[in-house]
Amino acid sequence: MSSIRPWRDIARRKSRQIMVGAVPVGGDAPITVQTMTNTLTSDAVATIDQIRRCEEAGADLIRVSCPDEASTAAFRQIVRAARVPLIADIHFHYKRALEAADAGAACLRINPGNIGSAARVAEVVRAAKANGCAIRIGVNGGSLEKHLLEKYGEPCPDALIESALDHIKLLQDHDFHEYKVAVKASDVFMAVAAYMGLAEAVDCPLHLGITEAGGLIGGTVKSAIGIGNLLWAGIGDTVRVSLSAEPEEEVRVGFEILKSLGLRTRGVRVVSCPSCARQGFDVIRTVEALEKRLSHIKTPISLSVLGCVVNGPGEARETDIGITGGGNGKHMVYLSGVTDHHVQSDAMLDHIVTLVEAKVAEIEAAQPAVIVAEPVA
């Protein structure tokens, strides 16, 4: 059956599915959004507080670094408080992986080549199997093995792919198949080429990211280009946007990338103009205020905010709620794409928030109830 809008179609790469706790990754499961805490893991209270903010932003999975015994000791308490599965980030010491698995990690992020001997890798795999943990192989352009740098002369897509395949073999040799793989680089071209090559070579889920992408604006642009390019090509099962910003911002940017490609919808999708001299109200300040006041909305809904009637009515026809600027502080409100009533400038902001919240309540009331068990504190 042909699509109504074939230019929007994305054919996702067929990957096998694994479970990260109760969250499916790969196959036909929704593409998950994750982030990573930056508090000291040994400070359980601060880490849990940050996890809660990330959960509110919509994170499906959250990674927590476990560099020392104090961190893995606190990790058990953190896992009990979290509402989403936690991934323990392990870089060098294999014992931290064993401790994190026993403490309730849903997934271990490891670089098998850094864990040590084959015997130590085998111990980590046994711990993962015993505790129902998945494993994420994390290959990074900034920490490639010495022999690969000598072979290729510099970090490159082929080196990233070879490293990933070597690490995959380490796990497969121990009959472990609940893994996903990332081949990240700060160079967008290198990362995209590596992921595309790896996607053809393996059937496991792929974790997308442009590592060390930068600050909120620069890192968002860089990540959107790299991650968006791959997702548009159908590649990717879970994403982490790496920003020098608070982790909840990574979650919001991740969802915006998915929303732009129609791969997932969450919260309010705002269509707004850049504003110009024709605007009937201050579009920029209005959008800033609306995004802040509607950030608690989780149900997908679309809102258009246009400063004048040049494109306003046309955009409003495609959104659930719309506002178009008019003269003398009197603006047109659209409901389900149809002109409905006017609102004055001084009442506009509160009025739009009320309309959005009412529409969301209507949508949620029509949906079947879902009972979610709260985690044990």
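**Exercise 1. Which residue in S15 does Tyr 334 stand opposite?**

Start with the ground rules: this is a predicted model, where local features need pLDDT of at least 70, side-chain atom pairs count only at pLDDT 80 or more, and totals for chains, interfaces and linings use all residues. Residues are numbered from 1 along each chain as its sequence is written, and side-chain values use heavy atoms, with hydrogens and water left out.

Step 1: find the strands, which are DSSP runs of E with at least two residues, numbered from the N terminus, while helices are runs of H or I with at least four. Strand S14 covers residues 330–335 and runs antiparallel to S15, joined by six bridges. Two strands pair if DSSP finds at least two bridges between them.

Step 2: read off the partner. Tyr 334 faces Thr 339 in S15.

**Exercise 2. Place S15 in its sheet and say which strands stand at the edges.**

Step 1: the open sheet has five strands, ordered S11-S12-S13-S14-S15, with mixed pairing.

Step 2: S11 (268–272) and S15 (338–344) are the edge strands; each has a single partner strand, so one side of each is left without a neighbour in the sheet.

**Exercise 3. Find the charged ends that sit over rings.**

Step 1: take the rule, namely NZ of Lys or CZ of Arg within 6 Å of the ring centre and within 35 degrees of the ring normal.

Step 2: apply it. Arg 16 has its charged end over the ring of Tyr 179, 4.7 Å from the centre. Arg 266 does likewise with Phe 255, at 5.6 Å from the ring centre.
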